[in-house]
Amino acid sequence: MNVNIKSAFFISQAAGRHFIEQGHGKIINIASMLSFQGGIRVPSYTASKSGIAGITRLLANEWAGKGVNINAIAPGYMATDNTAQLRADQDRNKAILDRIPAGRWGTPDDLAGAAVFLASSASDYINGAVLPVDGGWLAR
């Protein structure tokens, strides 16, 4: 909870103060597809990532009129050290891959386009959004 929600909230506050003073800025939080779903066996992770979606929307409501955009990226299942055990479990790995329309685990590089978009002027009228980057997982 300290890493996932409290740190994002305090960093957003600090950045927000600076961006409000200068009249513009972009904040991109990292949510999760569990910001939209309940998850299994990860209650604190699910709660914290749901909280990221909530504070992203809250701060967007407070700061959009002051020139600050705050959005979040919600990664799906990514091939990282954090998911090594899931990927090593043949049954669980197959169940996950069967649900992802893209048919593969994501990679950290898959998040780059969303981050560049949300950081660019192309997203100037986007505020409080939580953008899934999940290979289509949430579409199922």
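# A guided reading of strands, helix and pocket

Student: In this predicted model, which kind of unit do S1, helix H2 and S2 make?

Tutor: The model is a predicted one, and the three elements to find in it are S1 (residues 25-30), H2 (residues 43-63) and S2 (residues 68-75). Taken together, S1, H2 and S2 make a right-handed β-α-β unit.

Student: In which sense do S1 and S2 pair, and over how many bridges?

Tutor: Two residue pairs help to locate the pairing, since Ile27 stands opposite Ile70 in S2, and the bridge partner of Ile30 in S2 is Ile73. The two strands S1 and S2 pair in the parallel sense, over six bridges.

Student: Along S1, which side chains point to the face where they are buried?

Tutor: In a regular strand the side chains alternate between the two faces of the sheet. S1 shows such an alternation, with Lys26, Ile28 and Ile30 pointing to a face where they are not buried. The side chains that point to the other face, and are buried, are those of Gly25, Ile27 and Asn29.

Student: Is Ile27 buried or exposed?

Tutor: Ile27 lies in strand S1, and, leaving aside its neighbours within four places in sequence, it is in contact with residues including Phe19, Trp63, Val68 and Ile70. A residue counts as buried when its relative accessibility is under 20%. Because the relative accessibility of Ile27 is 8%, Ile27 counts as buried.

Student: How does Ile28 count, at 30% relative accessibility?

Tutor: Ile28 also lies in strand S1, and, not counting residues up to four places away in sequence, it touches Asn71, Ile73, Ala115, Leu118 and Ala119. The class between buried, under 20%, and exposed, over 50%, is called partly exposed. Because its relative accessibility is 30%, Ile28 counts as partly exposed.

Student: How many residues of S2 are buried?

Tutor: On one side of S2 the residues Val68, Ile70, Ala72 and Ala74 are buried, and on the other side Asn69, Asn71, Ile73 and Pro75 are buried, so that both faces are covered. S2 is therefore largely enclosed by the rest of the structure, and the number of its eight residues that are buried is eight.

Student: In S3, which residue is the bridge partner of Ala72?

Tutor: Strand S3 covers residues 130-133, and S2 pairs with S3 in the parallel sense over four bridges. In S3, the bridge partner of Ala72 is Val130.

Student: What is the relative accessibility of Ile52?

Tutor: The place of Ile52 is in helix H2, and among its contacts, leaving aside neighbours within four places in sequence, are Asn29 and Ile30, together with Ala72. Its C-alpha is 10 Å from that of Ile28, although the two residues are 24 apart in sequence. Ile52 counts as buried because its relative accessibility is 0%.

Student: What is the phi of Arg41?

Tutor: The place of Arg41 is in the loop between S1 and H2, and Arg41 counts as exposed because its relative accessibility is 71%. Most residues other than glycine have a negative phi. Arg41 is not a glycine, and yet its phi is positive, at about 65°.

Student: Which residues are the closest to the centre of the largest pocket?

Tutor: About 730 Å³ of space lies in the largest pocket. Of the 25 residues that line this pocket, the closest to its centre are Leu34, Tyr45, Tyr77, Thr83 and Leu86.

Student: How many residues of the lining of the largest pocket are nonpolar, polar and charged?

Tutor: Helices contribute to this lining, since H2, helix H3 (84-88) and helix H4 (90-99) each supply at least two of its residues. Divided by kind, the residues of the lining are 13 nonpolar, eight polar and four charged.

Terms used
Residues are numbered from 1 along each chain as its sequence is written. This is a predicted model: local features need pLDDT of at least 70, side-chain atom pairs count only at pLDDT 80 or more; totals for chains, interfaces and linings use all residues. Side-chain values use heavy atoms; hydrogens and water are left out. Buried means under 20% relative accessible area, exposed over 50%, partly exposed in between (1.4 Å probe, protein chains only). Two strands pair if DSSP finds at least two bridges between them. A crossover is right-handed if, with the strands pointing away from the viewer, the path from the first strand over the helix to the second runs clockwise. On a 1 Å grid over the protein atoms alone, a cavity is a set of points where a 1.4 Å probe fits but cannot get out, and a pocket is an open set with protein on both sides within 12 Å along at least five of seven lines; lining residues have an atom within 4 Å of a point. Grid points are joined across faces, edges and corners, and a volume is the space filled by probe spheres set on the points. Ala, Val, Leu, Ile, Met, Phe, Trp, Tyr, Cys and Pro count as nonpolar, Asp, Glu, Lys and Arg as charged, and the others, Gly among them, as polar. Contact means heavy atoms within 4.5 Å.
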